[in-house]
Amino acid sequence: MENVLATKGTGVVTSVPSDSPDDYTALQDLKKKSAYYKIDPSWAAFDPVPIIDTPTYGNLAAPTVCQQKKINSQKDRIQLAEAKDLVYKEGFYNGVMLVGDFKGKPVQEAKPLVRNLLVSAGQGFVYNEPEGLVMSRSGDECVVALCDQWYLDYGEEEWRKQAENCLKKLNTHGNETRHQFEQTLAWLNKWACARSYGLGSRLPWDPQYLVESLSDSTIYMAYYTVAHLLHGGTLDGSKPGPLGIQASEMTDQVWDYIFCDGSFPTTSSITQEKLDKLKREFKYFYPLDLRVSGKDLIPNHLTFFIYNHVAIFPEFNWPRGVRSNGHLQINGEK
């Protein structure tokens with residue numbers, strides 16, 4: 001087959017000409033042009049074996065659709081892509097197995113059973129790959145690796161309801177932005193939030209990992225309201241700011257008092273005067289009236305921004321506005 005990549009896995013794939021238009025067309029090419037492909041004609045001298053019966057295309061779906069679309073060779077890539085879409089959908093949703101241990105079962109029921117059978121018999125293993133080529137910023141081709149990972153449970157029912165309630169009251173300055181948020185809330189689920197290298201905050205409960213960047217900066221605008229009082233010209237907190245507060249003194253209880261109307265932290269070494277000054281600064285600027293960012297961040301970072309605000313802050317401090325911007329294409333360039 002001309003479209004099989006020798007660089008992927010072994011470069012050897014199973015041929016199913018009864019239900020794969022690509023495989024069926026490749027088989028016909030081998031039959032017609034055995035000399036061109038430098039094979040013995042007997043290698044391709046067989047007919048497709050029916051394994052799935054479908055109500056629309058019978059039990060040889062690939063040959064049927066290829067004939068309907070007048071596909072003549074592997075070069076007909078557009079027609080083959082259309083044929084594959086038709087055959088695979090019909091086979092998966094409406095097909096019934098004709099052979100094997102699960103004969104008579106619908107294909108969508110049989111598929112996981114066959115998978116489990118192969119794995120348990122030691123004849124197969126689970127393999128994952130990207131949907132397309134993924135290149136890193138360093139120019140390297142990426143592969144999939146199974147790693148330990150922490151997830152944020154976006155999409156959790158009660159949390160999602162809170163995020164949707166926030167969006168209802170949010171001024172999005174246009175329907176396009178609102179629709180993008182609605183679509184994202186409808187599908188967003190568990191998000192891998194940790195990585196093992198680079199800049200960022202340590203994951204509090206597993207410090208060997210860093211919080212990945214899209215998840216790490218979702219409420220920094222709240223921190224901006226008090227940062228000028230806490231930093232003395234450094235980013236790492238090594239030099240105290242105007243209030244003379246050490247980074248180690250900023251405990252969870254202190255932040256709850258400043259950000260969430262929590263009770264006064266009686267065990268804190270920071271005076272009430274200083275804590276109240278921090279709290280006044282925060283309350284002056286919050287709730288956030290307007291967040292402006294790129295529309296490409298709505299499916300991730302900006303939706304996280306909503307989720308994490310509703311998780312951490314009382315409702316009266318939920319965000320009030322988001323305005324998204326993007327690039328125009330002029331002469332094919334941004």
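Let's start with what surrounds the second largest pocket in this predicted model: its lining divides into 22 nonpolar, eight polar and five charged residues. That pocket has a volume of about 1,400 Å³. Of its 35 lining residues, the ones closest to the centre are S201, P204, D216, I219 and W255, so find those five if you want to look at the middle of the space.

Which helices help build this wall? At least two lining residues come from each of α7 (213-216), α8 (220-230), α9 (252-259) and α11 (298-312). Among the contributors, α8 gives the most, with six residues.

Now move over to the largest pocket. How much space does it hold? The answer is about 2,300 Å³. The lining here counts 49 residues, and V13, T14, Y88, Y127 and E129 are the closest to the centre of this pocket.

Helices show up around this space too. α1 (21-32), α3 (77-94) and α4 (107-120) each put at least two residues into the lining of the largest pocket. The largest share belongs to α4, which supplies eight residues.

What about the chemistry of that wall? Sorted by class, the lining of the largest pocket has 27 nonpolar, 12 polar and 10 charged residues.

And how does anyone find empty space like this? Rolling a probe the size of a water molecule over the atoms shows where space is left empty. To explore for yourself, pick out α8 for the second largest pocket and α4 for the largest one, then look for the residues closest to each centre, including W255 in the former and Y88 in the latter.

How values were computed. Residues numbered from 1 in each chain as written. Predicted model: local features only at pLDDT ≥ 70, side-chain atom pairs only at ≥ 80, totals over all residues. Heavy atoms only, no water. 1 Å grid on protein atoms, 1.4 Å probe; cavity = no way out; pocket = protein on both sides within 12 Å on 5 of 7 lines; lining within 4 Å. Points joined across faces, edges and corners; volume = space filled by probe spheres on them. Helix = DSSP H or I, 4+ residues; strand = E, 2+ residues; numbered from the N terminus. Nonpolar A, V, L, I, M, F, W, Y, C, P; charged D, E, K, R; others polar.
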